[in-house]
Amino acid sequence: MRIDIDAFNVLQVLVEEGSFSKASERLHKAQSAVSYQVKKLEQHLGVTLFNRDNYRAELTPEGKVILAEGQRLLQHLANIEHLASRFSQGWEPKLELVIDGALPMEPIMTALKRMSEHNIPTKVQLNMEFLGGVQHRFERDQADLMLVKDYRTGPSYHPKPLPTITSVLVASSQHPLSQLKGISLPELQQHVELTIEDSSPGKRDRDEMQFGGDKVFYLSGFIMKKNALLKGLGFGWMPDFLIAEELHQGQLIEIDFIGGNRFSFTPQLVSTLERPLGRAGQLFTELILQEFARYQQQQQSGLSGAGLG
């Protein structure tokens, strides 16, 4: 009897989800089918892979070693599939992108629209995450590209810088902080800070520059955060491209914090040499760099025009 290679993927999902029921939901399989697949692998190997006495599905010491070998096997198979798809006319069957929600969507959507006009056979999957969740999903799903605000680099990563983005520390015009000058850190910490929840499981990172106060509301995205700011719920950092109109109209006010109320970061378009880009990935890279450059020029022209007016 041959080993069911897919069983190693099932083991990995079980470890990540912690239960057979959650793993079956993620795998879109019946729980009985997942249990049977694991039991069948255990019988074939003659080894108990999971400790079923605990609430969470946990690997036995033998199971950890076997899963590690299985992951290497799956990676080798994935590499073969990647090579085969590249050899066949160069168009990959699927292009998976992971994007940080702090980045502007307009140039991304425009690049995808231009890409669709080429009538390519590649299926494009677009996923949005926040902070550490971007790299976590990029690595977990073995995606092709990530557009990321910040990431932990490695020898196989190949980054391309995108135009700089500025974040602004703001509050509603009705918020007490909008009326103060020379605000100190202790004064800032007396108010509710609005920040974005890290979408990675470990939640290693937080929103841009958290101030360390006790009153913090974590939100699941920048649209929700913007609405909360406009309601006067608290203060927080926002990418300037998302609040340009509200700043111009005076609905949001830059906070006069003595530590500074603006900072800039350079997003990166990152691929990995372990999964070389095919024609679709290369085309998207070319288009996204063009569109971000064009978007930056439009933003600068708009600011210049507003200043002249």
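So, the HTH lysR-type domain: UniProt, in an unreviewed entry, puts that feature at residues 3–60. Bear in mind that what we have here is a predicted model. In that model, the span from 3 to 60 comes out at 60% helix and 7% strand, and its end C-alpha atoms sit 19 Å apart.

Okay, on to the largest pocket. Its volume is about 1200 Å³. There are 26 lining residues, and the ones closest to the centre are Asn-9, Ala-78, Arg-140, Asp-141 and Gln-142. Which helix gives the most to this lining? That's α4, with nine residues. Among the elements supplying at least two residues each, you've got α1 (6–17), α4 (61–87) and β3 (94–100). By character, the lining splits into 11 charged, nine polar and six nonpolar residues. And where does the pocket lie with respect to the domains? Domain 1, which is 5–89, and domain 2, which is 94–163 plus 267–306, both contribute lining residues, so the pocket lies between them.

Last bit, the aromatics. Searching the whole structure turns up nine aromatic pairs. Take Phe-138 and Tyr-157: the ring centres are 6.0 Å apart with the planes at 55°, so we call that pair tilted. Phe-138 is in helix α6, residues 132–140, and Tyr-157 is in strand β6, residues 157–161, so the pair ties together parts 19 residues apart in sequence. Phe-138 and Tyr-157 are both buried, too.

And there's an aromatic cluster to look at on the screen: Phe-211, Phe-235, Trp-237, Phe-257, Phe-263 and Phe-265 make it up.

Methods. Residues are numbered from 1 along each chain as its sequence is written. This is a predicted model: local features need pLDDT of at least 70, side-chain atom pairs count only at pLDDT 80 or more; totals for chains, interfaces and linings use all residues. Side-chain values use heavy atoms; hydrogens and water are left out. UniProt positions are given in the numbering used here, feature names are shortened, and annotations may be inferred rather than shown by experiment. Helices (H or I, at least four residues) and strands (E, at least two) are DSSP runs, numbered from the N terminus. On a 1 Å grid over the protein atoms alone, a cavity is a set of points where a 1.4 Å probe fits but cannot get out, and a pocket is an open set with protein on both sides within 12 Å along at least five of seven lines; lining residues have an atom within 4 Å of a point. Grid points are joined across faces, edges and corners, and a volume is the space filled by probe spheres set on the points. Ala, Val, Leu, Ile, Met, Phe, Trp, Tyr, Cys and Pro count as nonpolar, Asp, Glu, Lys and Arg as charged, and the others, Gly among them, as polar. Domain bounds come from an automatic or database domain assignment. Rings of Phe, Tyr and Trp (its six-membered ring) pair if their centres lie within 6.5 Å; planes under 30 degrees apart count as stacked, over 60 as edge-to-face and the rest as tilted. Buried means under 20% relative accessible area, exposed over 50%, partly exposed in between (1.4 Å probe, protein chains only).
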